[in-house]
There are 4 protein chains.
Amino acid sequence: MAIACVEDFRHQARRRLPRFLFDYVDGGSYAEETLRRNVSDLQRLALRQRVMRDVSDVRTSTVLLGREVSMPVALAPIGLAGLYARRGEVQAARAAEAAGVPFILSASACCAIEEVAASVSKPLLFQLYMIKDRAFMADMLGRARDAGVETLVMTVDLIMHSPRYRDMRSTLTGRQTIMDRMRRMVQILSHPVWAWDVGVRGRPHILGNFAPAMPGGAGLAQFTDWVSRNFDPSITWDDLAWVRHHWPGRLVLKGILDREDALRAVDVGAGSIIVSNHGGRQLDGAPSAIRALPHVADAVAGRMEILMDGGIRSGIDVLRALASGADGVLLGRAWAFALAADGQQGVAQMLQLLHHELSVAMALTGHSRVADIGGDALLPDTSLL
Amino acid sequence: MAIACVEDFRHQARRRLPRFLFDYVDGGSYAEETLRRNVSDLQRLALRQRVMRDVSDVRTSTVLLGREVSMPVALAPIGLAGLYARRGEVQAARAAEAAGVPFILSASACCAIEEVAASVSKPLLFQLYMIKDRAFMADMLGRARDAGVETLVMTVDLIMHSPRYRDMRSTLTGRQTIMDRMRRMVQILSHPVWAWDVGVRGRPHILGNFAPAMPGGAGLAQFTDWVSRNFDPSITWDDLAWVRHHWPGRLVLKGILDREDALRAVDVGAGSIIVSNHGGRQLDGAPSAIRALPHVADAVAGRMEILMDGGIRSGIDVLRALASGADGVLLGRAWAFALAADGQQGVAQMLQLLHHELSVAMALTGHSRVADIGGDALLPDTSLL
Amino acid sequence: MAIACVEDFRHQARRRLPRFLFDYVDGGSYAEETLRRNVSDLQRLALRQRVMRDVSDVRTSTVLLGREVSMPVALAPIGLAGLYARRGEVQAARAAEAAGVPFILSASACCAIEEVAASVSKPLLFQLYMIKDRAFMADMLGRARDAGVETLVMTVDLIMHSPRYRDMRSTLTGRQTIMDRMRRMVQILSHPVWAWDVGVRGRPHILGNFAPAMPGGAGLAQFTDWVSRNFDPSITWDDLAWVRHHWPGRLVLKGILDREDALRAVDVGAGSIIVSNHGGRQLDGAPSAIRALPHVADAVAGRMEILMDGGIRSGIDVLRALASGADGVLLGRAWAFALAADGQQGVAQMLQLLHHELSVAMALTGHSRVADIGGDALLPDTSLL
Amino acid sequence: MAIACVEDFRHQARRRLPRFLFDYVDGGSYAEETLRRNVSDLQRLALRQRVMRDVSDVRTSTVLLGREVSMPVALAPIGLAGLYARRGEVQAARAAEAAGVPFILSASACCAIEEVAASVSKPLLFQLYMIKDRAFMADMLGRARDAGVETLVMTVDLIMHSPRYRDMRSTLTGRQTIMDRMRRMVQILSHPVWAWDVGVRGRPHILGNFAPAMPGGAGLAQFTDWVSRNFDPSITWDDLAWVRHHWPGRLVLKGILDREDALRAVDVGAGSIIVSNHGGRQLDGAPSAIRALPHVADAVAGRMEILMDGGIRSGIDVLRALASGADGVLLGRAWAFALAADGQQGVAQMLQLLHHELSVAMALTGHSRVADIGGDALLPDTSLL
Ligand SMILES: Cc1cc2nc3c(=O)[nH]c(=O)nc-3n(C[C@H](O)[C@H](O)[C@H](O)COP(=O)(O)O)c2cc1C
Ligand SMILES: Cc1cc2nc3c(=O)[nH]c(=O)nc-3n(C[C@H](O)[C@H](O)[C@H](O)COP(=O)(O)O)c2cc1C
Ligand SMILES: Cc1cc2nc3c(=O)[nH]c(=O)nc-3n(C[C@H](O)[C@H](O)[C@H](O)COP(=O)(O)O)c2cc1C
Ligand SMILES: Cc1cc2nc3c(=O)[nH]c(=O)nc-3n(C[C@H](O)[C@H](O)[C@H](O)COP(=O)(O)O)c2cc1C
């Protein structure tokens with residue numbers, strides 16, 4: 001069956017990945033309420049169909065995160081992508097560059113920033129968390145600058161790991177018994193294509209960026225432990241001064257959901273914020289990103305660029321986010337699934353489908369330019385405000 | 001099991017048609033949200049049951065689209081009906097004529113307008129899209145006039161094709177591999193009755209009306225391509241002057257959902273509009289037709305006839321639409337399914353069931369005449385406004 | 001498994017009755033929206049739990065339909081009960097009498113009024129529709145009086161039969177092919193207990209009350225036809241004068257849902273009304289009875305007794321109805337299922353379960369007497385008004 | 001598969017317990033509407049995610065029910081816990097003590113208060129109902145004092161047993177046929193681990209506390225009967241004087257849902273109340289505890305400690321309850337399932353998971369102390385008020 005949409009890539013990813021890996025990508029924290037709402041709240045937003053407006057020249061291009069983009073979309077930082085496809089971050093970065101959208105490399109990537117930067121020609125964006133060891137952070141920021149990064153995305157909603165039931169069940173996190181190890185081995189062996197292509201030929205599977213900071217080895221087993229010890233829950237707005245000092249480039253804050261936090265972000269002079277609940281992977285029970293968005297947009301009142309992520313699965317969803325106050329969106333699982341399904345080619349195809357969907361949706365709502373999309377594209381009585 | 005309702009015809013159609021064809025009729029665009037809402041929003045409207053009003057003489061007849069009709073219902077333009085039953089458009093047109101309701105021939109019909117017109121005695125209605133090649137359009141309008149058409153339905157919400165995931169998966173649209181072709185062949189061969197009756201004896205399967213304009217052949221494979229190249233997304237309200245010039249007859253605009261667009265339709269002097277989201281096949285995320293209807297009716301304020309389509313599956317639904325401000329409704333899938341299930345006889349039976357349902361519903365809500373049905377037939381606190 | 005509630009009786013009835021009969025009892029008209037809402041709207045009403053009120057002497061007894069009753073519940077008129085159990089109406093009437101609740105004999109009963117009246121000692125209530133043949137009606141009313149009936153229930157919402165999809169599919173209504181007849185025979189033969197106990201030994205299966213008026217035979221096959229010809233859709237409030245003239249006893253109007261109709265009922269001096277949508281068997285799309293009830297109660301303002309039926313499945317539901325403005329409720333399917341499951345004994349057990357549930361619910365909401373149950377027994381923010 | 005959450009313990013409990021026992025724990029009264037709402041209403045409450053607040057020192061400890069606790073959680077009184085694991089009350093009490101949370105021993109426990117008290121070092125809390133035989137009550141209170149109990153929990157919402165359909169079906173309540181007995185024996189024999197470990201080695205299975213008052217034997221079979229005869233539905237607020245007289249210690253009222261009842265509780269000087277619908281086991285149709293909570297908290301206005309139970313399944317839920325006005329929560333099924341799944345070790349693990357979840361949730365909503373959690377932790381437009 002031909003691939004038609006993100007959900008189809010998800011189905012393929014489910015077939016190709018060992019179960020525990022698929023669950024890692026697909027799942028969220030706790031009962032996965034926020035995860036579900038990210039998607040279902042978007043679907044509730046009704047768009048105004050308009051007719052007989054000249055839409056023979058619809059353009060999705062715009063400026064986002066300080067650069068020209070082919071559409072108001074970027075690839076979100078996704079950890080461990082090197083496990084979904086061989087050298088996954090490289091493949092995805094190439095697909096993004098070819099499609100004209102920014103790629104944000106995760107701090108927790110398998111491929112180190114140097115490897116990924118070398119494989120594309122335009123500057124990457126780099127995502128980092130606040131780490132207790134500030135010497136490591138300074139060093140990491142230096143590496144990023146050296147790799148040509150101009151824009152730093154600070155993820156502020158992952159000061160600690162939130163319980164994810166699926167990962168606990170699969171013992172991706174938590175202690176492992178021998179039985180658990182055997183079960184996982186069976187899952188791997190029953191996906192021989194993945195086992196050979198990614199498991200064997202895609203090595204090494206370390207956290208390329210953190211390796212220097214993880215003396216006990218940068219393998220995945222050590223990672224969660226390291227996070228709990230090294231992520232910094234004491235960080236406050238004042239600590240951003242330190243970041244600002246070591247990163248003179250563009251600064252984006254990822255993981256803001258609340259209007260008051262958004263106002264603080266304006267105060268500290270962030271270039272952009274990303275309204276996000278980490279794809280439903282941190283605080284379960286948090287509102288969906290699309291529900292939080294209009295409140296934040298209202299508070300920010302144009303003083304800062306606003307991106308949003310969480311639940312975007314189609315070009316229609318992109319339009320919904322723009323109409324709710326975003327300047328652009330990030331795609332998380334959409335590209336992770338496409339990558340797992342078909343590597344660079346999958347990500348390219350996914351971006352092309354999304355671009356086409358966005359164009360058609362713009363045309364049918366009577367918009368020729370991204371900048372024209374505003375709140376009046378939504379039916380008032382279905383808004384979530 | 002005897003047939004009781006439209007849903008039963010749908011089940012039979014599913015059994016009779018090759019899978020990819022059934023999906024083409026049944027499906028909608030993207031995630032099919034609007035498709036679902038078309039039906040579910042109708043069901044939410046609660047009707048006021050009234051008793052002890054003399055309803056011994058309930059009449060469903062009225063005037064619609066400029067002619068006397070047995071009930072406020074017409075058959076919507078449906079493309080490719082010649083694939084659901086042998087010379088399907090002819091069979092449906094005959095059933096409609098016998099039942100006293102208008103039949104709107106789709107521009108994308110298999111049977112050319114001349115063939116269908118010759119098989120009935122009353123004038124057909126004809127539906128057309130705005131085509132870039134105005135010479136072809138002028139020619140087509142001439143053919144329509146020659147075939148006795150008095151009322152032209154201009155579909156304004158299909159300026160381009162919207163992605164339909166089911167059709168992409170079945171490769172009805174998009175590129176086909178050999179595997180895809182084989183899979184479709186298997187689907188056809190596993191429906192031998194259809195294969196012989198429609199597939200072989202129902203030929204030719206071309207787009208009868210567009211054939212003159214499609215030099216590369218008017219087969220189905222060429223159609224989607226041709227649409228993308230020839231449908232005109234640059235059309236604006238001003239271009240209607242051209243249509244008006246070449247079509248002095250009655251003009252109906254199909255595919256209006258927004259009150260502002262409805263007001264423009266009043267301004268340009270359209271005889272009627274059809275509040276429609278193309279059966280959930282164009283802008284997914286658009287409101288259901290029944291939700292849009294009262295806003296449009298409010299804006300139009302009686303200055304123009306209003307029809308509505310999308311989700312009508314019973315006589316109760318017809319009453320709901322009338323109570324929400326429509327003068328009449330179109331049936332889309334209802335007749336397509338009935339046609340696929342049982343040809344002309346199926347369409348006749350479906351119309352008879354609907355007529356009976358509407359009569360009973362009128363009686364139980366205390367209405368003897370269609371004209372008496374108004375907003376007070378609905379329970380106020382369940383309305384969608 | 002022991003029987004715990006009405007739903008359990010329903011499951012047993014489904015096992016015991018031939019499919020087409022179960023569907024006749026269980027089903028509703030059209031898409032069965034109103035049928036579902038009758039039940040689900042009741043469940044949405046939240047009750048206020050109260051503690052530490054002396055409820056050592058909870059009494060469910062009250063006065064209803066002009067007589068002392070053990071609880072504010074009566075058995076609704078149900079047609080064809082003689083098909084669910086042998087001489088079903090007699091069995092149910094006996095169970096009702098033993099339990100101290102009124103039994104309303106349907107005009108469309110299998111057992112004639114004389115047979116049922118002879119089997120119990122207290123007066124029956126009798127239900128009738130408006131029949132065109134007023135001579136027959138006068139005669140029927142005379143028979144009722146002779147059988148000791150004091151209260152007449154005029155059903156006003158069945159002036160014609162509404163399409164019921166399940167019955168059409170099973171060809172209980174509509175034309176029958178030989179195949180249909182065979183399918184039904186298979187259903188009967190696969191329920192040999194029913195076939196012997198009810199099908200053979202429960203004969204004759206005629207409409208005992210209508211037999212004199214149906215010259216072509218009072219069998220079931222003739223009934224629907226006869227209804228369509230003889231039920232009187234021309235009836236208005238003025239025609240009640242005729243009834244009043246021939247029936248000096250207590251008069252109850254069954255099938256009122258609208259506040260305006262309720263006001264008319266007050267005007268014509270009805271003793272009671274039954275807020276009802278005929279168990280979701282007539283106007284599908286009509287509001288649930290519990291949703292209509294508070295509006296009607298508000299309009300009536302105590303000037304008339306108000307009963308309600310539709311969806312009552314437990315003692316909790318009885319309390320909800322009382323708190324929403326009813327003086328009592330009728331049980332429809334609840335007793336039909338219990339009768340089909342276990343005859344007189346089943347109905348007795350069902351009534352006992354309901355009585356217990358009502359007592360407990362009264363105690364836990366702090367009510368010792370039925371008369372004390374009012375609107376403040378409901379949580380305000382969950383009401384349907 | 002490793003255990004990740006309460007739902008996983010539930011699945012294990014379902015596997016380990018004979019069906020009728022699992023149903024006893026899992027089920028609720030009537031149609032189980034309130035049971036479901038307890039859980040689903042909690043999930044609807046959306047939490048405000050906050051970032052960049054120093055949460056490096058999150059403390060869940062607080063004062064509850066008059067003592068220092070490691071988190072604002074206590075184990076609710078659960079009857080018959082000795083049937084879910086061998087000497088179940090002892091195991092659970094030990095786990096609670098080790099985790100630093102209070103254990104409330106049910107009056108209907110299998111293990112007598114003396115046995116449980118002897119197995120832990122800190123004072124137990126003891127729960128009692130109002131029993132008609134005041135001499136027994138006085139005696140029981142004396143035993144509690146002797147066993148070191150300082151806090152008495154009077155359950156006021158169980159003045160009689162409410163019908164629980166599952167227990168009626170399994171004939172745990174109601175009359176038993178030989179068939180029923182055999183069915184239950186089969187269920188036991190198909191769980192041999194339970195049969196041996198709990199059924200045989202966990203004896204005696206009597207109601208340890210009530211044994212002196214049940215001359216006919218304190219086995220389970222006699223219990224429901226005894227309840228119906230001895231629980232006191234005549235109790236009013238005035239009768240609390242008697243309790244106050246015989247219990248000078250701390251008094252907690254469990255089972256208040258209504259703001260007016262809460263005000264009475266303030267008047268009589270109760271130390272705390274527990275907003276509860278008995279886990280959906282008494283008045284079905286009552287609002288969920290979380291829905292009732294803010295109304296009660298509003299009425300109490302800080303004059304009394306407020307706990308809440310019903311539906312708490314995670315640390316997120318604890319936070320939701322605190323944000324809705326509770327000072328703490330009780331866990332019911334959460335510990336019963338954990339106990340059935342893995343005895344004392346299961347309860348310990350469950351409490352540890354919950355503690356971790358609460359800590360993370362506090363951190364991600366920006367709270368370092370339990371006392372800081374207030375109404376502004378909830379998104380206003382999702383509140384249930
Ligand atoms: C498998 C996976 C890994 C992720 N890793 C990171 C990460 O390393 N850094 C980060 O800031 N966000 C991470 N996220 C969150 C994403 O950046 C993004 O916020 C989220 O996926 C958006 O929701 P969506 O998946 O519904 O599009 C991850 C998300 C997923 C699904
Ligand atoms: C299979 C199919 C083909 C259609 N073809 C056309 C068409 O050729 N022209 C047009 O204006 N609308 C077309 N429509 C839309 C219908 O005219 C109508 O708006 C829609 O079917 C109404 O919704 P319903 O199917 O829920 O009744 C088509 C719809 C379907 C389902
Ligand atoms: C099988 C069946 C037969 C019925 N027959 C009659 C009838 O003969 N006369 C009448 O007034 N109502 C009749 N009703 C309607 C009932 O009196 C009552 O209004 C309805 O069953 C109440 O809804 P419930 O079944 O949800 O309790 C019938 C209902 C059912 C289910
Ligand atoms: C199996 C079971 C037995 C219970 N026994 C008692 C009891 O003996 N006394 C009491 O006051 N509450 C009893 N309860 C109610 C609990 O104390 C508590 O209110 C309820 O379980 C909270 O809901 P939850 O189970 O959703 O957490 C019982 C609940 C269950 C599930």
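**Ligand 4 and ligand 1 in their binding shells**

In this predicted model, a polar side-chain atom of Gln127(D) sits 3.1 Å from a nitrogen atom of ligand 4. Ligand 4 also has oxygen atoms in play: a polar side-chain atom of Ser106(D) comes to 2.7 Å from one such oxygen, and the backbone joins in too, with an N or O atom of Gly332(D) at 3.0 Å from an oxygen atom of the ligand. On its own, ligand 4 has 600 Å² of accessible area, and the protein covers 98% of that. Two elements of chain D, α2 (19-26) and β5 (125-129), give two or more residues to the shell. Around ligand 4 there are 23 residues, the closest being Ser106(D), Thr155(D), Asp309(D), Gly311(D) and Arg333(D). Sorted by class, that shell holds 7 nonpolar, 11 polar and 5 charged residues.

Over in chain A, ligand 1 has 23 residues around it, and Pro77(A), Ser106(A), Thr155(A), Asp309(A) and Gly311(A) come nearest. The side chain of Thr155(A) places an N or O atom 2.7 Å from an oxygen atom of ligand 1, while Arg313(A) does so at 3.1 Å, again to an oxygen atom of the ligand. A nitrogen atom of ligand 1 lies 3.3 Å from a polar side-chain atom of His278(A). The protein buries 98% of the 600 Å² that ligand 1 exposes when taken alone. At least two shell residues each come from α2 (19-26) and β5 (125-129) of chain A, and the class tally for the shell reads 7 nonpolar, 11 polar and 5 charged.

As for the chains themselves, A and C do not touch, with their nearest C-alpha atoms 21 Å apart. Chains B and D do not touch either, and their nearest C-alpha atoms are 21 Å apart.

Notes:
Residues are numbered from 1 along each chain as its sequence is written. Chains are lettered from A and ligands numbered from 1 in the order in which they are written. This is a predicted model: local features need pLDDT of at least 70, side-chain atom pairs count only at pLDDT 80 or more; totals for chains, interfaces and linings use all residues. Side-chain values use heavy atoms; hydrogens and water are left out. A residue is near a molecule or strand if one of its heavy atoms lies within 4 Å of it. A polar contact is a pair of N or O atoms within 3.5 Å; within protein, one must be able to donate a hydrogen and the other to accept it, and residues adjacent in sequence count only if both atoms are side-chain atoms. Accessible areas come from the Shrake-Rupley method with a 1.4 Å probe; for residues, only the protein chains shown count as cover. Helices (H or I, at least four residues) and strands (E, at least two) are DSSP runs, numbered from the N terminus. Ala, Val, Leu, Ile, Met, Phe, Trp, Tyr, Cys and Pro count as nonpolar, Asp, Glu, Lys and Arg as charged, and the others, Gly among them, as polar. Contact means heavy atoms within 4.5 Å.
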